[in-house]
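User: I would like to learn how to read a ligand site, a pocket and some backbone features. Can we work through them on one model?

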Amino acid sequence: MLPVILRTERLELSVPVEDDIDPIFRACQDPDIQKWTTVPVPYRRVDASTFVSSVVGQGWRSGDSLTWGIRRSGELVGVIDLHDVADRGAEIGYWLGRQWRGEGLLREAARAVIDFAFSAPPHGLALERLAWRAGLGNVDSARVAQALGFRFEGCGRKDLVQRGARSDSWSAGMLAAEDRSPVDWPSLPGGAGGPAPAPR
Ligand SMILES: CC(C)(COP(=O)(O)OP(=O)(O)OC[C@H]1O[C@@H](n2cnc3c(N)ncnc32)[C@H](O)[C@@H]1OP(=O)(O)O)[C@@H](O)C(=O)NCCC(=O)NCCS
């Protein structure tokens, strides 16, 4: 499919391009991005370059992985994607550069992606279900997912694969027909009491 541009109050989401290689390379030096996502470690400039010049384009062409750069005032602040798009389902993934956290930018971007995922064509993918998974203990990501309205579904044993190693996960889901008001999540193992306090 052709790349789609999404707009929100503060952000524009569009396909990463060559000018984004250096910002992505710099952002992905962040230890939290390396700890909680599947980016290569160490993260070299060629990794950002390969990501932008081939991985992203292949995903859009096949339609099974749709990646957006999150931009505020033209500056790339993060990346968000829908991957494993198949059979009217997909999984959401995201990161924000460290200096842009704490302003609600990720949840603003994610709401636009979720609207796109569930909207009927031509404005969306008409998915039935979105999944979220994170490494066990990733409270920052869990707080985002809870705020977006994902329902906690459980802990997956060794169901995440990160750089060839398996680890446990938290998982949550959201259905197209579901109310997206945040609901409480249980206190989560490994999460210092879980993602509470309640989201804004
Ligand atoms: C997960 C991650 C994207 C969350 O970033 P974030 O900035 O905390 O997420 P949000 O955009 O939802 O912002 C929420 C924060 O902004 C604050 N905020 C400020 N203004 C806000 C607004 N207008 N609306 C909502 N929240 C606002 C919230 O209070 C919250 O801050 P707090 O955590 O101190 O309470 C980020 O920590 C990250 O990139 N981590 C590393 C990679 C990663 O783990 N990716 C996920 C893999 S599953």
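Analyst: We take the features in turn, starting with the ligand. Keep in mind that this is a predicted model.

User: Which residues are the closest to the ligand, and how many surround it?

Analyst: A residue counts here if one of its heavy atoms lies within 4 Å of the ligand. In this model 22 residues surround the ligand. The closest are Tyr94, Gly102, Leu106, Arg107 and Arg143.

User: What is 2.8 Å from a ligand oxygen atom?

Analyst: Look for N or O pairs within 3.5 Å. A polar backbone atom of Gly102 is 2.8 Å from an oxygen atom of the ligand. For Gly104, a polar backbone atom is 3.1 Å from a ligand oxygen. Arg107 uses its side chain: an N or O atom there is 2.5 Å from an oxygen atom of the ligand.

User: How much of the ligand does the protein bury?

Analyst: Compare the ligand alone with the ligand in place. Alone, the ligand exposes 950 Å². The protein buries 78% of that area.

User: Which elements give two or more residues to the shell around the ligand?

Analyst: They are the helices α2 (31-36), α4 (105-118) and α5 (139-148), with the strands β5 (89-96) and β6 (129-135). The largest share, four residues, comes from α5. By type, the shell divides into nine nonpolar, five polar and eight charged residues.

User: Now the second largest pocket. How much space lies in it, and which residues are the closest to its centre?

Analyst: Read the volume, then the lining. The space is about 160 Å³. The lining has 14 residues, and the closest to the pocket centre are Pro23, Arg26, Ala27, Gln99 and Trp100.

User: Which elements supply at least two residues of that lining?

Analyst: α1 (21-27) and β4 (75-86) each do so. The largest share, four residues, is from β4. By type, the lining of this pocket holds six nonpolar, four polar and four charged residues.

User: Where does UniProt place the domain feature?

Analyst: The unreviewed UniProt entry places "domain: N-acetyltransferase" at residues 23-177. An annotation may be inferred rather than shown by experiment. In the model, the end C-alpha atoms of residues 23-177 lie 37 Å apart. That span is 34% helix and 37% strand.

User: Last, the backbone. Which peptide bonds are cis?

Analyst: Start from the usual case: most peptide bonds are trans. Here the bond from Val41 to Pro42 is cis, with omega near 0°. Pro42 sits in the loop between α2 and α3 (45-62). Another cis bond joins Pro121 and Pro122, with omega about 5°. The loop between α4 and β6 holds Pro122.

User: Is phi of Ala126 positive or negative?

Analyst: Most residues other than glycine have a negative phi. Ala126 has a positive phi, near 55°. Its place is in the loop between α4 and β6.

Methods. Residues numbered from 1 in each chain as written. Predicted model: local features only at pLDDT ≥ 70, side-chain atom pairs only at ≥ 80, totals over all residues. Heavy atoms only, no water. 1 Å grid on protein atoms, 1.4 Å probe; cavity = no way out; pocket = protein on both sides within 12 Å on 5 of 7 lines; lining within 4 Å. Points joined across faces, edges and corners; volume = space filled by probe spheres on them. Nonpolar A, V, L, I, M, F, W, Y, C, P; charged D, E, K, R; others polar. Polar contact = N/O pair within 3.5 Å; in protein donor to acceptor, adjacent residues only side chain to side chain. Areas by Shrake-Rupley, 256 points an atom, 1.4 Å probe, with all protein chains shown as cover.
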